Amino acid sequence: MAATIISIRSEHERALEEGVARLAEGLPIALPTETVYGLAADATNPKAVTAIYETKGRPQFNPLICHMADLAMTKDHATFDSISEKLARAFWPGPLTLVLPLRDTSPIHPLATAGLDSVGVRVPKGFAGELIAAFGKPLAAPSANTSGKISPTSAEHVADDLGDKLSLILDGGVAPVGVESTIIRVEGERVRLLRPGGIAAEEIEALLGHPVERQEGPAPTIEAPGMLASHYAPGAFVRLNAVDAQAGEALIRFAGQPVAGSEKAHAVFDLSPEGDLAEAAANLFGLLKQADATGVDKIAVGPVPDHGLGEAINDRLMRAAAPRDT
Ligand code: TXA
Ligand code: MG
């Protein structure tokens, strides 16, 4: 089976209709969001959720983010404290996920929440929100890639990886944010950053007027992004904070920063020649794929500032560079 690809720009109505039809059949579809492409399925249908795990080849069942059309829909499934509500009103639709207590009346299937009494919810911007409104039920949607591979930021990335396993890919062009959503969990007065992502932690801190609590290192607990060592990994080994390039490596740098020996590199890429961290985030996964596609054994990555969206970029780079299971 080869996936049908429909452009939401040129065939908006057909994209909506076909999307809703496949979702109603319990099939997962690839869907553009502002962060990365999602592998979306009806969060209330156990067969549909199981099909997400099968399609990704994910070895274990993690809690999945449930995507909603708007704040009102979210309130059917989760309860809000005042801080979470403030964040939702400020940042939705957009790349923020809130982990909230699950309502016992919610029809979201335990396979989507890994049986937890909480649920990760977000309201995506653009076409994804429209599709959810048309479908009328929340969509569980991890990134649309084989488990352990780099997240897709274009329909082509999805087609290359999962085209044979999917019936439908909705093409919305290149994902503008480029890294997954920021995940926040509020516990009383504490605001915990479970995963840095497409909204800079500083923006959240500015709104709340106090710091958020960072995880110490990539946390392997179930409530932290269920992404252990070798997540987001290209085939080549990744070397971080490279101050020099070695012969035969692909080099990824930031802001045109000179890296010694870069003339020996097999290929040189720049995340953002202008030094714009939002542009760098948008380019990150695509450039990792391009660097990997040059066939090198090693990708050297120059330093990226750790503020703003740099926090999410460095988080994903650390995961790409982490020791591999296999
Ligand atoms: O940008 C994104 O968030 C993308 C796009 C497709 O929307 N989606 C995404 O979804 O990254 P997913 O399902 O891969 O995110 C799963 C992560 C889990 O690893 C976990 O850390 C967190 O979301 N999560 C979900 N539900 C949770 C819960 N109940 N408690 C704690 N963490 C939860
Ligand atoms: Mg992912």
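**Figure 1. The loop that holds P93.** In this predicted model, P93 sits in the loop that links helix 4 and strand 5. Take a look at the peptide bond running from W92 to P93: this bond is cis, and its omega angle is near -10°. If you want to find the place by residue number, helix 4 covers residues 82-91 and strand 5 covers 96-101.

**Figure 2. Helix 4 meets helix 8.** Staying with helix 4, we can now follow its contact with helix 8. The axes of these two helices come within 11 Å and cross at roughly 120°. Their crossing is right-handed. Which residues of helix 4 and helix 8 make the contact? On the helix 4 side they are I83, K86, L87, A90 and F91, and on the helix 8 side they are E203, I204, L207 and L208. Sorted by type, the residues of this contact comprise 7 nonpolar and 2 charged, with no polar ones.

**Figure 3. The buried side of helix 8.** Helix 8 spans residues 201-208, and A201, I204, E205 and L208 are buried in it. These four lie on the same side of helix 8, because they cover an arc of only 100° around the axis. A simple rule helps here: an α-helix has 3.6 residues a turn, so residues three or four places apart point the same way. What do the buried residues of helix 8 pack against? Their partners are helix 4, helix 10 and four strands, namely strand 5, strand 9 (182-187), strand 10 (190-195) and strand 11 (213-214). Just after the helix comes G209, which takes a positive phi of about 80°.

**Figure 4. V191 and its surroundings.** V191 belongs to strand 10. Is V191 buried or exposed? Its relative accessibility is 2%, so V191 counts as buried. Apart from neighbours within four places in sequence, V191 is in contact with I83, I184, R185, V186, L208, H210, V212 and E213. You have already met I83 in the contact between helix 4 and helix 8, and L208 among the buried residues of helix 8. Another residue to locate in this view is P211: it is 20 residues from V191 along the chain, and the two C-alpha atoms are separated by 8.0 Å.

**Figure 5. Helix 9 beside helix 10.** Here we see helix 9, residues 277-293, and helix 10, residues 310-321. Their axes come within 9 Å and cross at roughly 25°. The two helices are therefore roughly parallel to each other. Helix 9 passes helix 10 in a left-handed crossing. From helix 9, the contact takes in L277, A280, A281, L284 and F285, while helix 10 brings G310, I313, R316 and L317. Of the residues in this contact, 7 are nonpolar, 1 is polar and 1 is charged.

**Figure 6. Helix 1 against helix 6.** Helix 1 (residues 12-24) packs with helix 6 (residues 127-135) at an angle of about 55°, and their axes are 10 Å apart. Helix 1 and helix 6 are therefore oblique to each other. This crossing is right-handed. Where helix 1 and helix 6 meet, helix 1 supplies H12, A15, L16, G19, V20, L23 and A24, and helix 6 supplies F127, E130, L131, A134 and F135. The residues of this contact divide into 9 nonpolar, 2 polar and 1 charged.

**Figure 7. Positive phi angles at N241 and A255.** This view picks out two loop residues. N241 is found in the loop between strand 12 (237-239) and strand 13 (250-253). Its phi is near 50°, a positive value in a residue other than glycine. With a relative accessibility of 52%, N241 counts as exposed. A255 has its place in the loop between strand 13 and strand 14 (267-270). Phi of A255 is near 60°, again positive in a residue that is not glycine. A255 counts as partly exposed, with a relative accessibility of 29%.

**Figure 8. Q60 in its loop.** Q60 lies in the loop between helix 2 (46-56) and strand 4 (65-67). Its relative accessible area is 46%, so Q60 is partly exposed. How many residues apart in sequence are Q60 and A3? They are 57 residues apart, and their C-alpha atoms are 25 Å apart in space.

Key:
Residues are numbered from 1 along each chain as its sequence is written. Chains are lettered from A and ligands numbered from 1 in the order in which they are written. This is a predicted model: local features need pLDDT of at least 70, side-chain atom pairs count only at pLDDT 80 or more; totals for chains, interfaces and linings use all residues. Side-chain values use heavy atoms; hydrogens and water are left out. Axes are lines fitted to C-alpha atoms, for helices over the stretch in contact, and angles run from 0 to 180 degrees between N-to-C directions. Angles under 35 degrees count as roughly parallel, over 145 as roughly antiparallel, 65 to 115 as roughly perpendicular and the rest as oblique. A crossing is left-handed if the near helix is turned anticlockwise from the far one by less than a right angle, and right-handed if clockwise. Contact means heavy atoms within 4.5 Å. Ala, Val, Leu, Ile, Met, Phe, Trp, Tyr, Cys and Pro count as nonpolar, Asp, Glu, Lys and Arg as charged, and the others, Gly among them, as polar. Buried means under 20% relative accessible area, exposed over 50%, partly exposed in between (1.4 Å probe, protein chains only). The arc is that of the directions from the helix axis to the C-beta atoms.
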